[in-house]
Structure formats: structure tokens, C-alpha cells
Amino acid sequence: MSQTLIPPPAPPMVPHTTTEDTLALFTGVLLISVGVAFFTSAGLLTGGTAGIAFLLHYATGLGFGKWFFLLNLPFYWLAWRKMGRAFTVKTFVAVLLLSVMTEAQSRFLQLSALQPLYAAVAGGLIVGTGFLVLFRHRCSLGGVGILALYLQDRHGWRAGKVQMGVDCTIVLLALFTVEPGRVLWSIVGAVALNLVLAMNHRPGRYMAV
């Protein structure tokens, strides 16, 4: 007599505590700041909203800070409307913390003679891991990251693939402003970064609360 096997019920999701969110936010932002230092040391480019702001700055002469502020406005509105107040507040805090860390980082970390290939791969993996930590605690660094998380939650699109497509497009557009060699290594960095997200941040694999 055959028996129908009933799968065990899924364990209940346990929300992250405030302490866990705080430590994760600091850990993720610290990792990202180190990866950014790798990119900067090798003269590589970045993706996301910051990359778009740099491209517009080079094309128009308007300051990077102004473009970065303007580009983020619709994303913060989207975060508030679709992702919730807690997500938006944590994202604001993460953006502020990263700004402080990158400004003060030269006092604690000096990099020299860093090969572009190593900087691209290692920096991309480090930044991707930092983003993964933030995403799993319902946080991002604004801009394209918010859009990627929204599309994943709303339509099931993998956040890593969305981010990878945007980042690679931004880096390719940089061919109009920088030499091809730096663009090539920047693409390698963007792929390494987003492979971390594509493999590890998938709908149904990890539900953050």
C-alpha cells in the first residue's frame, strides 16, 4: 500500500532584530567601501546610480553631486511607496555611512601597485558580498539597487541580473569618456559583483524579514 509523503512544513520566518540589522548594515557598507577602494586604486569605473552620475557629469559639466542627488530622488520615492518605511530609512543610513567611510578610508587603508584584473575580480566580489548582506536585511545603497529589489519582489526578476545589466550598460557608455582598457576591466568587476548577487540572492532561497 503506497503512502503519500507529506513534506514537512516550512520553518517560521524569524525577523531580524534591530541589533542584527545594525551590525549587518555596518558590515555590508564596510565591505562595499573596501571594494570601492580596490576599484579606485586601479582607476576602474563603477556602475549603478553613481556610474550614471559620473557619465552625466563628464557629458554636461554639471557637478557629480547634483546629478547623484537628482537621480536618486525617484528611487527613494519608489522605496518609500513600494518597499516600506523601514527599508527606506535603512537605505538612507547606509548611504550616509558609506559616504563617511569612503571619505575617511584613506587614513586606514592605502593601496598601491594594484593590478587591474585583480582589483576588478576581488573588488567586485567584495562589493557584491557587501550588497548581499544589505539586501538580506532589507536595505540597499539607493538608486538602481532599489529598482532591482523592487523588480525581484514584484516580478521575480533576479536582483543580480538586473543590476548586472544596468552596470554593464553604464560601463559600456563610459567608452565615450575613458580609454577602452579601463572599461574592459570595469566590465569584469561589474560581472564579478553581480554574479555574487545572481547566485546567492534569488527569490525563495532566502526570505529576509
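A residue counts as buried when its relative accessible area is under 20%, and as partly exposed between that value and 50%. With that cut-off in hand, here are a few close-up views of this predicted model.

**View 1. Lys-90, a buried charged residue in helix 4**. Lys-90 has a relative accessible area of 18%, and the cut-off for buried is under 20%, so Lys-90 is classed as buried. Leaving aside residues up to four places away in sequence, Lys-90 touches Asp-21 and Leu-25, along with His-137, Arg-138 and Cys-139. Asp-21 and Leu-25 both belong to helix 1, which leads us to the next view.

**View 2. Helix 1 packing against helix 4**. Here we look at residues 18–41, which form helix 1, and residues 85–104, which form helix 4. Their axes lie 9 Å apart and meet at an angle of about 40°, so helix 1 is oblique to helix 4. The crossing of the two helices is right-handed. From helix 1, the contact takes in Asp-21, Leu-25, Phe-26, Val-29, Leu-30, Ile-32 and Ser-33. Helix 4 answers with Lys-90, Val-93, Ala-94, Leu-97, Leu-98, Met-101 and Thr-102. Sorted by class, the residues of this contact are 10 nonpolar, 2 polar and 2 charged.

**View 3. Val-93 and Leu-25 across the contact between helix 4 and helix 1**. Val-93 sits in helix 4 and, with a relative accessibility of 42%, is partly exposed. In sequence, Val-93 and Leu-25 are 68 residues apart, yet their C-alpha atoms are 8.6 Å apart in space.

**View 4. Phe-131 and Phe-135, a tilted aromatic pair**. The structure holds 2 aromatic pairs, and this close-up shows one of them. The ring centres of Phe-131 and Phe-135 are 5.8 Å apart, and the ring planes stand at 45°, so the pair is described as tilted. Both residues lie in helix 5 (residues 116–135), and because they are 4 residues apart, about one helical turn separates them. Phe-131 and Phe-135 are both buried.

**View 5. Helix 7 alongside helix 8**. Helix 7 spans residues 159–173, and helix 8 spans residues 180–200. Their axes come within 8 Å and cross at roughly 170°, so helix 7 is roughly antiparallel to helix 8. Among the helix 7 residues in the contact are Gly-160, Met-164, Asp-167 and Val-171. The helix 8 residues they meet as a group include Val-183, Ile-187, Ala-190, Asn-194 and Ala-198. By class, this contact has 11 nonpolar, 4 polar and 1 charged residues.

Definitions and conventions
Residues are numbered from 1 along each chain as its sequence is written. This is a predicted model: local features need pLDDT of at least 70, side-chain atom pairs count only at pLDDT 80 or more; totals for chains, interfaces and linings use all residues. Side-chain values use heavy atoms; hydrogens and water are left out. Axes are lines fitted to C-alpha atoms, for helices over the stretch in contact, and angles run from 0 to 180 degrees between N-to-C directions. Angles under 35 degrees count as roughly parallel, over 145 as roughly antiparallel, 65 to 115 as roughly perpendicular and the rest as oblique. A crossing is left-handed if the near helix is turned anticlockwise from the far one by less than a right angle, and right-handed if clockwise. Contact means heavy atoms within 4.5 Å. Rings of Phe, Tyr and Trp (its six-membered ring) pair if their centres lie within 6.5 Å; planes under 30 degrees apart count as stacked, over 60 as edge-to-face and the rest as tilted. Buried means under 20% relative accessible area, exposed over 50%, partly exposed in between (1.4 Å probe, protein chains only).
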